[in-house]
Amino acid sequence: MKNTKQVIALASAAALSVSVLAGCGGAASSAVTSEAASTATAEATTSTGSDGTLVLSDTGFEGKFNPFFAASSADQHVIDLTFGALLGADRKGEMILNGIEGETREYNGTDYTYRGPADCVVTENADGTVDYDITLRDDITFSDGTPMTIDDVIFSLYVYLDPTYDGSATIYSTPIVGLEEYRNSMSTLSKLIAEAGEDNTDYTNFTEEQQKAFWDAVNDGGVKFAQEIVDTMLANGATDVASAAAGWGFDGLAADATAKDFFLAIGEQYDWSFSAMEAETAGSALSDLIPEDVYAYSTTGVAVGADVPSVAGIVKTGDYSMTLTTSELSTTMIYQLQMAVAPLSYYGDPSLYDYDNNSFGFPKGDLSGVRAKTSAPMGSGMYTFNKYSDGVVYLDANPTYFDGAPKIAHVNMKETQEADKVTGVQAGTIDIADPSYSLEVASQIADINGAEGNDGPVITTRLKDFRGYGYIALSAKNVNVGGDPSSEASKDLRKAIMTVIAAYRDEGIDSYYGDTASVINYPVSNTSWAAPSVTDDGYKIAYSTDVDGNDIYTSDMKSEDKYAAALQAALGYFEAAGYTVENGQVTAAPAGAKMEYQVNIGADGNGDHPSFQTLTNAAAALKTIGFTLTVNDMANASDLYASYQSGAAEGWVAAWQSTNDPDMYQLYHSKGSTNYYNIDDPDLDELIMAARQTTDQEARKAMYKEAMEIILDWGVELPVYQRSEATIFSTERVNIDTIAKDMTPYWTYMAELNTMELN
């Protein structure tokens with residue numbers, strides 16, 4: 001029940017509101033503009049911003065306003081507006097590699113031009129290495145007037161790549177030439193003490209006092225941390241520490257393992273980075289269980305072996321240019337360059353920057369100076385930070401912003417409860433908000449606007465697809481025939497169940513979301529460039545063919561006919577799976593299979609979930625042919641997470657969120673860390689790995705479509721719905737004509753906030 005995975009795999013409520021950090025602004029929204037706003041931008045460059053203040057709602061701030069270490073979505077929003085990202089992305093999440101002159105791309109029938117602070121030329125070399133030649137604009141300044149140069153980019157890169165870095169960015173996991181040697185020439189104090197063991201007597205790299213403090217913390221707070229996980233898993237079917245750990249994803253512990261053994265396994269998994277280990281919490285934060293000074297051991301660098309003072313693959317080629325070289329093709333590398341560029345003069349120590357002598361603005365292994373700058377961010381974004389007080393972040397227009405000074409002089413970002421977002425815009429205390437959208441919220445907005453509905457004299461509503469989707473899953477390990485998850489009979493069993501559930505998706509989603517969500521047919525968010533389009537050759541409705549490959553439905557079928565056809569097709573799949581089917585009834589299961597399976601859903605114990613009606617209707621239909629599908633409504637979301645992450649669940653309901661890059665490894669590869677479906681298919685693994693070996697987007701899209709067809713053939717996942725997210729604007733105070741057009745998860749109104757106007 002890993003915390004990070006709870007964020008990604010949210011399964012409980014109607015809102016399904018998930019926030020995942022994606023570097024600086026995700027789509028680098030503060031670094032690019034649209035063609036539609038180009039004229040306004042040109043005018044804004046000669047203005048310092050008009051009078052007026054725009055008030056934005058946000059969730060609770062943690063106050064960690066640091067581009068390298070911001071953790072909460074609210075803090076990240078502050079970073080998005082006060083910093084510029086090196087590279088940006090368009091409305092589809094595709095990278096912009098010619099930001100200086102700009103690139104024009106079509107979206108939804110309209111051409112938009114995207115600009116940014118840098119160009120990047122990607123060259124695949126004959127020896128397998130890949131060069132990223134980066135050229136920076138020469139006219140960007142940080143908000144204190146300091147010019148941005150390539151030294152600021154290099155400084156920022158070295159912060160992200162430092163052996164003690166423990167923020168959310170993962171550029172350190174990319175195959176940059178020399179990076180592994182650079183990081184491995186230094187270890188952390190926590191890792192060295194842990195590897196030395198509790199009985200160590202060699203104090204070359206640390207003191208005896210440090211060793212004692214570390215093991216005292218492990219034996220107290222560390223054991224408590226692991227025991228909370230064990231207790232959670234014992235309540236969900238585990239029988240001892242070893243089985244609890246295995247269910248949590250840590251196999252191989254001895255039969256007599258203790259909670260301490262489990263904690264040591266967690267530490268080893270995360271290279272003894274305490275902040276990374278927080279992801280495994282079953283309740284308490286590790287930082288609350290071990291002393292602060294010991295917690296800092298995992299960010300204290302200690303040199304080991306031969307010194308490697310620099311990363312060979314980072315080469316400065318000019319005042320505004322550099323080359324970054326990877327040892328192999330990495331499809332994720334380009335997305336990592338959506339990184340924030342921070343001023344060396346503010347976050348680092350200029351006296352410690354000497355590129356030619358391998359000094360990059362801070363002592364290697366000591367990011368204390370960078371970490372200390374949390375209260376007042378300073379970047380090159382649209383806005384400059386003024387103050388944070390009483391739950392409000394105050395920002396001022398940056399008159400030197402490279403793409404034009406904002407027309408709105410001030411932005412206040414205000415902590416707002418969900419229940420107050422719509423009424424706040426109505427009352428005039430908020431200008432822009434993002435309420436969790438539902439039929440109830442749509443009705444509330446319509447009531448406020450009167451006859452004009454969701455776009456009216458008080459509130460203007462803009463919808464965009466959520467960057468994720470809801471799904472229903474079956475475990476291949478637990479729903480199969482004869483103990484063989486990959487057999488055709490096992491696939492037929494799962495497809496029998498999924499075929500009936502799929503038929504009821506339209507009715508269930510329409511009743512819950514109305515026209516604010518749509519049924520989807522492939523296991524990927526519609527917002528992804530990899531998502532198959534209805535107009536693509538071979539596009540099919542999920543689970544719409546029978547066991548012989550014939551279409552189940554016709555275009556003129558009524559709902560009742562559709563449901564009957566699905567049941568008939570299910571009988572064919574059951575029979576192919578080895579079930580006894582007589583007179584339209586399933587009467588007996590083959591060896592190793594059952595007549596009843598259970599699907600867990602987090603519907604608050606009262607059926608409040610978009611997929612609840614779909615499941616209950618499908619269960620009722622399956623009952624008519626003699627098969628039982630039990631819908632288990634779990635009031636506690638943590639119990640739901642534990643049920644499938646432990647491997648105990650036969651079926652479950654959850655949601656995934658997509659990133660710019662639709663890499664499928666984590667979810668569907670046989671060795672993927674969150675492959676809860678237990679798919680183990682060599683052909684699927686090969687496709688997933690092949691898609692990682694090319695930057696040809698069309699080729700990757702074709703591979704991913706083929707991979708998705710394999711996933712559907714396994715019968716382990718039914719894509720259900722893509723919901724809408726809403727942004728609401730005060731019609732009275734915001735000039736609606738100036739907000740961003742065609743917003744997407746990768747291109748929000750913040751992407752063009754510098755050209756937005758107040759009435």
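Contact here means heavy atoms within 4.5 Å. The model is predicted.

**Helix α19 and its cover**

Helix α19 spans residues 559-576, 18 residues in total. From first C-alpha to last it reaches 26 Å, close to the 26 Å expected at 1.5 Å a residue. Its buried residues are Tyr563, Ala565, Ala566, Leu567, Ala569, Ala570, Leu571, Tyr573 and Phe574. Several elements cover them. Helices α17 (488-503), α18 (505-513) and α20 (612-623) are among these, and so are strands β21 (580-582) and β22 (585-588). Just after α19, Gly578 takes a positive phi of about 105°.

**The α23/α24 pair**

Helix α23 covers residues 682-691 and helix α24 covers residues 697-714. Their axes come within 9 Å and cross at roughly 160°. Angles over 145 degrees count as roughly antiparallel, and α23 and α24 are therefore roughly antiparallel to each other. The crossing is left-handed. On the α23 side, Asp683, Leu684, Leu687, Ala690 and Ala691 make the contact. On the α24 side, Arg700, Met703, Tyr704, Glu706, Ala707, Ile710 and Ile711 do so. By class, this contact has nine nonpolar, no polar and three charged residues.

**Positive phi outside glycine**

Asp271 and Tyr543 each have a positive phi without being glycine. Both sit in loops.

| Residue | Phi | Loop | Relative accessible area |
|---|---|---|---|
| Asp271 | near 55° | between α9 (259-269) and α10 (274-277) | 46%, partly exposed |
| Tyr543 | near 55° | between β20 (517-519) and α19 | 9%, buried |

Tyr543 is buried, whereas Asp271 is partly exposed.

How values were computed: Residues are numbered from 1 along each chain as its sequence is written. This is a predicted model: local features need pLDDT of at least 70, side-chain atom pairs count only at pLDDT 80 or more; totals for chains, interfaces and linings use all residues. Side-chain values use heavy atoms; hydrogens and water are left out. Helices (H or I, at least four residues) and strands (E, at least two) are DSSP runs, numbered from the N terminus. The expected span of a helix is 1.5 Å times one less than its number of residues. Buried means under 20% relative accessible area, exposed over 50%, partly exposed in between (1.4 Å probe, protein chains only). Axes are lines fitted to C-alpha atoms, for helices over the stretch in contact, and angles run from 0 to 180 degrees between N-to-C directions. Angles under 35 degrees count as roughly parallel, over 145 as roughly antiparallel, 65 to 115 as roughly perpendicular and the rest as oblique. A crossing is left-handed if the near helix is turned anticlockwise from the far one by less than a right angle, and right-handed if clockwise. Ala, Val, Leu, Ile, Met, Phe, Trp, Tyr, Cys and Pro count as nonpolar, Asp, Glu, Lys and Arg as charged, and the others, Gly among them, as polar.
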